[in-house]
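Colleague: I'm new to reading protein models, so could we go through this one together? I'll ask, and you show me how you get to each answer.

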Amino acid sequence: MTYPPHSVHAVPQANVPARSLPRRATHDVTEPGQRLTAAPGAALSRWPAQQTAELTRRHGLIRHLGLPTAADPDFDDFAREMATRTGFLYGFVNLFLDEQTFIGLHQPPADSGHVIVARTMSREHGWCPEVVTRQKALPLPDVHASPRFSGNHVVDAVGIRAYFGAPLIHPSGTVLGTVCVIDPDKRPLSEARRLRDIVIDTGNQVMHHITHSPAR
């Protein structure tokens, strides 16, 4: 069975509320186009020392690179292209900040009947935290094939059966976040390598864009 690429869709209509994915705490991200101007403060106290140090380095690098910390059309384009190439409904470019922050997002249209997601999610949910920790791609053609990955709140919140993610690793060694795609339909094992390679390739493109674009 093949999975044709989904068509390119417009941003969901304002009168259809986006469903926030599971979150640790309420947190307002900056408006589109704004940049991170201060290091994290009280939020750092939530994390163990190692994670706090990693988050501090990440924030500092993001400031240095001039990266946006909210919706950005360039990264939306990367998310859309990745979703189209894989034939998945959702695509993300995700900075791993106080929350997972989707500066790039592609999803179904508002009237599709599928869940419309917001731009942030708790660091404790989904599979991207695993990708950040292991610093390598994670292909899950069927999330229910492994008990370790099937017991995830996002599975029920969005109805996900397939996930493919890859880390965004700066040349300095700092992991900025991930790129990933998710879909309510599982994929055959025979497709896993091809889909993984597409996601890894997108991650490489995103990092090239981050490191070779003029400071914003």
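Colleague: Which residues touch the most other members in the largest nonpolar core?

Modeller: Keep in mind that this is a predicted model. In soluble globular proteins, nonpolar side chains tend to be buried together. Here the largest such core holds 27 residues. Those touching the most other members are Leu 67, Phe 75, Val 93, Leu 176, Val 179, Val 206 and Ile 210.

Colleague: Nice! Which element gives the largest share of this core?

Modeller: Several elements supply at least two residues each, including helix 1 (49-65), helix 2 (73-86) and strand 1 (90-96). Strand 5 and strand 6 also do so. The largest share, six residues, comes from helix 6.

Colleague: How many residues are in the other core that lies apart from it?

Modeller: Among the members of that other core are Leu 105, Met 121, Phe 149 and Ile 182. The number of residues in this core is 23.

Colleague: Now the whole protein: in what order do the elements run from the N terminus on?

Modeller: There are six helices and six strands to place. Read from the N terminus, their order is α-α-β-β-β-α-β-α-α-β-β-α.

Colleague: What percentage of the contacts with a separation of 6 or more is between residues 24 or more positions apart?

Modeller: Thr 120 and Leu 95 give you a feel for distance along the chain: they are 25 residues apart, and their C-alpha atoms are separated by 9.6 Å. That pair is a distance between C-alpha atoms, while a contact means heavy atoms within 4.5 Å. Among contacts with a separation of 6 or more, the share from residues 24 or more positions apart is 68%.

Colleague: Is Thr 174 buried or exposed?

Modeller: Thr 174 sits in the loop between strand 5 (162-169) and strand 6 (175-183). Leaving aside neighbours within four places in sequence, Thr 174 is in contact with Arg 58, Leu 61, Leu 168 and Ile 169. Buried means under 20% relative accessible area. Thr 174 has 13%, so the answer is buried.

Colleague: Which residue other than glycine has a positive phi, near 55°?

Modeller: Most residues other than glycine have a negative phi. The residue you want is in the loop between helix 3 (128-134) and strand 4 (138-140). With 41% relative accessibility, this residue counts as partly exposed. Its phi is near 55°, and its name is Gln 135.

How values were computed:
Residues are numbered from 1 along each chain as its sequence is written. This is a predicted model: local features need pLDDT of at least 70, side-chain atom pairs count only at pLDDT 80 or more; totals for chains, interfaces and linings use all residues. Side-chain values use heavy atoms; hydrogens and water are left out. Helices (H or I, at least four residues) and strands (E, at least two) are DSSP runs, numbered from the N terminus. Buried means under 20% relative accessible area, exposed over 50%, partly exposed in between (1.4 Å probe, protein chains only). A nonpolar core is a set of buried Ala, Val, Leu, Ile, Met, Phe, Trp, Tyr and Cys residues joined through side-chain atoms within 4.5 Å.
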